[in-house]
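Let's take a friendly tour of one side chain and its surroundings, and then of a pair of helices. Have the structure open as you read.

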Amino acid sequence: MIPRLSSRSTRTDGRGQSFKGLSAYLFNGSLDRPDPARAPWAEAVNCHCAEPADAWHEMAWTWEHADALKAAAGVRRGGQRNEFPVWHVSLNWRDDQAPTQEDMRVAARSLLQRFGLDEHQALIV
């Protein structure tokens with residue numbers, strides 16, 4: 001498995017600002033009719049939405065309301081606001097590997113855990 005940070009971002013670390021833009025890219029430009037050839041399956045992590053293609057709404061709302069959510073939870077705000085809350089990383093396998101959907105899901109969740117993001121909202125496609 002080979003992890004790669006997105007080169008589509010204007011930053012070099014794969015981070016950006018558009019939840020909708022990245023979601024549209026992942027689902028081949030159409031959030032209304034995802035292309036099953038490009039995204040045969042998807043999973044929203046730590047989201048309440050019914051469809052993974054709708055997760056971007058919830059993620060954007062959470063980011064926009066982060067200060068109010070922290071205040072409601074009794075958490076001190078502190079620190080600088082994250083101006084680049086969207087992070088895109090892809091996991092790629094060598095041509096001689098044929099991971100199953102479950103292998104890919106486990107690898108993606110392991111990556112989230114390794115980076116301390118397993119309690120954050122995420123979209124696995």
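## Polar contacts of Gln 121

The side chains of Gln 121 and Thr 62 are joined by a polar contact of 3.2 Å. Glu 58 takes part as well: its side chain makes a polar contact of 3.4 Å with that of Gln 121. Please keep in mind that this is a predicted model.

## Where Gln 121 sits

Follow the chain past α4 (101-114) and you will find Gln 121 in the loop that leads to β6 (122-124). Is Gln 121 buried or exposed? Neither label fits, because its relative accessibility is 25%, and buried would require under 20% while exposed would require over 50%. Gln 121 therefore counts as partly exposed.

Leaving aside residues up to four places away in sequence, Gln 121 touches Val 45, Asn 46, Cys 47, Glu 58, Met 59 and Thr 62. Asn 46 deserves a look: it lies 75 residues from Gln 121 in sequence, yet their C-alpha atoms are 4.9 Å apart in space.

## Helices α1 and α2

Glu 58, Met 59 and Thr 62 bring us to helix α2, which covers residues 55-64. Its axis and that of helix α1 (residues 19-26) come within 9 Å and cross at roughly 160 degrees. Angles over 145 degrees count as roughly antiparallel, so that is how α1 runs relative to α2. The crossing is right-handed.

Which residues meet here? From α1 come Phe 19, Lys 20 and Ser 23, and from α2 come Trp 56, Met 59, Ala 60 and Trp 63. By type, the residues of this contact are 5 nonpolar, 1 polar and 1 charged.

Note on methods:
Residues numbered from 1 in each chain as written. Predicted model: local features only at pLDDT ≥ 70, side-chain atom pairs only at ≥ 80, totals over all residues. Heavy atoms only, no water. Helix = DSSP H or I, 4+ residues; strand = E, 2+ residues; numbered from the N terminus. Buried < 20%, exposed > 50% of the residue type's maximum accessible area, 1.4 Å probe, protein only. Contact = heavy atoms within 4.5 Å. Polar contact = N/O pair within 3.5 Å; in protein donor to acceptor, adjacent residues only side chain to side chain. Axes fitted to C-alpha atoms, helices over the stretch in contact; angles between N-to-C directions. Parallel < 35°, antiparallel > 145°, perpendicular 65-115°, else oblique. Left-handed = near helix turned anticlockwise from the far one by under 90°. Nonpolar A, V, L, I, M, F, W, Y, C, P; charged D, E, K, R; others polar.
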